[in-house]
Amino acid sequence: MTTPGAGDAVRLEKPSGEGPAVVEHRLHPVTPFRRAWAPVAVLAGWAVHDPNQAQEQLTRLTATTLLIAIAVVVPASALYGFLSWWFTHFAVTDTELRIRTGLLFRRTAHIRLERVQAIDVSQPLLARVAGVAKLRLDVIGTDDKDELAFLGEREARALRAELLARAAGFAPETAQQVGEAPTRELLRVPPRSLALARLLSGGTWVALLGAAVVVPLLWTATNWWTALVAGLPLLGAAGAGTVGRFVAEYDWTVGESPDGLRLDHGLLDRSHETVPPGRVQTVRIVEPLLWRRLGWVRVELDVAGSRNSVLVPVAPRAAAEAVIARVLPGVTVPTVLSRPPRRAGRIAPGWWRGYGIAVTDTVFASRHGILRRHLALVPHAKVQSVRLTQGPWSRLCGLASVHVDTGADKTVSARLRAADEATALLHDQADRSRTGRLDAPPDRWMA
């Protein structure tokens, strides 16, 4: 593999008869500056953990001792960053991506390309200034993402395109020529709509209302310090729900390409994510109470082996459903859902009215929530198991719930249905899932 700006390359010769040599590459030369902060972060963490002792130790140090300590810590940090970078290599073979890391303890990760779920490119603010990017890989069976940080921006995109092409089944000799798949824009969220949606979010107002009530009460009952300590987390939650999410979801763009849907977003830290085709287990349409008058919805995803959870942060319902149609081809969002029988009010007074289900030829749909509605769509082919539960009180009321488990370790439930209806739904859904898996296309990149 030849990638521009990859730094020094190390060629590992194989014995004769075992194929071509594997060429290993180092990360971008700016990477040591990132690693050099580790010793400084340890000292900062110790100072924050025990500030009194840290202050005492600083007062005991003379100016000469402090200068000597700085003269030792700075070169040691630089040396640590350089050695960490020097001993980190990556290589792409015909079947896998290899990442070798470790200064004292060596670790080699063998990432098989057919198990790759998604490959994302992210650029924190300082990385954008330096012209570098981070490559993050979602792999089946792992909770944490493997990453290559940092690569040159062009190199990161070229390597991503090559890995996707090889994962899609292209021959190694042609994977580099395939290049990055073209993207067609489907939806872009205007900043004004995103800002208004954040202001109309119920969680923000709950946090602010809690701070407005709790802080004066504590100030009156105790002292201002206690009130401040209790109020800051509430104000922080309100800020994270408005400013933080606005910054993270700024300029949200959804594009379509042969390797899946592309998600580009971020004001300070720019992220380029991919929703892999065939790996979406559940699509959720969320309708907060204050958004309904504007006809806005939020679309969330459950993707097997991936933490990508947001497809559209806010959009008119028609535009959101058009994007859903690209994620789940042939699926139409149900508009009519059947409620549980009225006796369900004995178990969930008031809230039972928010429950509803619909089963079409392609999906199992379930809704819950009154103030904040959630409509979950599960393709029949993605159902892993179906369960029926019935507690003592539900049995007395002649009710039962059916739970559908997906490949993303998530569950969608049809709550408080009539017992005979739930039993029929259990058997019918098992048959639909079995038939759906037989007819489902392969979960392959660019298929």
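The protein has 13 helices and 21 strands; helices (H or I, at least four residues) and strands (E, at least two) are DSSP runs numbered from the N terminus. This is a predicted model, in which local features need pLDDT of at least 70, side-chain atom pairs count only at pLDDT 80 or more, and totals for chains, interfaces and linings use all residues. Residues are numbered from 1 along each chain as its sequence is written, and side-chain values use heavy atoms, with hydrogens and water left out.

**Exercise 1. The open sheet**

Task: State the strand order of the open sheet of 7 strands, identify its edge strands, and describe how helix 6 packs on the sheet.

Solution:
- Step 1. The order is 8-7-6-12-11-10-9, and the pairing is antiparallel. Two strands count as paired if DSSP finds at least two bridges between them.
- Step 2. Strand 8 (146-152) and strand 9 (184-188) are the edge strands, since each pairs on one side only.
- Step 3. On average, neighbouring strands of this sheet are turned by 20° against each other, direction ignored. Such angles run from 0 to 180 degrees between N-to-C directions, and the axes are lines fitted to C-alpha atoms, for helices over the stretch in contact.
- Step 4. Helix 6 (residues 153-167) packs on the sheet and touches strand 6, strand 7, strand 8, strand 11 (260-265) and strand 12 (270-275). A contact means heavy atoms within 4.5 Å. The direction of helix 6 makes about 135° with that of strand 8.
- Step 5. Within the sheet, strand 6 (residues 116-123) and strand 7 (residues 132-139) pair in the antiparallel sense over 6 bridges. Ser 122 stands opposite Lys 134 in strand 7.

**Exercise 2. Unusual backbone geometry**

Task: Determine which peptide bond is cis and where Asp 409 is found.

Solution:
- Step 1. Most residues other than glycine have a negative phi, and most peptide bonds are trans.
- Step 2. The peptide bond from Ala 149 to Phe 150 is cis, with omega near 5°. Phe 150 belongs to strand 8.
- Step 3. Asp 409 has a positive phi, near 60°. This residue is found in the loop between strand 20 (399-406) and strand 21 (411-418).
- Step 4. Asp 409 is exposed, with a relative accessible area of 74%. Here buried means under 20% relative accessible area, exposed over 50%, and partly exposed in between (1.4 Å probe, protein chains only).
- Step 5. Asp 251 also has a positive phi, of about 55°, and its place is the loop between helix 10 (224-249) and strand 10 (253-257).

**Exercise 3. Salt bridges**

Task: Are Asp 302 and Arg 284 buried or exposed, and how many salt bridges are counted?

Solution:
- Step 1. A salt bridge is a side-chain nitrogen of Lys or Arg within 4 Å of a carboxyl oxygen of Asp or Glu. By this rule the count is 17.
- Step 2. Asp 302 and Arg 284 form one of them, with the closest N and O atoms 2.2 Å apart. The pair links distant parts of the chain, as Asp 302 is in strand 14 and Arg 284 in strand 13 (residues 280-288), 18 residues apart. Both residues are buried.
- Step 3. Glu 321 and Arg 317 meet in a salt bridge (3.0 Å, N to O). Both lie in helix 11 (residues 317-327), 4 residues apart, about one turn of the helix.
- Step 4. Glu 421 and Arg 417 also meet in a salt bridge (3.0 Å, N to O). Glu 421 is partly exposed, at 29%, whereas Arg 417 is buried, at 2%.
- Step 5. Salt bridges that share partners join Glu 185, Arg 188, Asp 251 and Arg 270 into one network.
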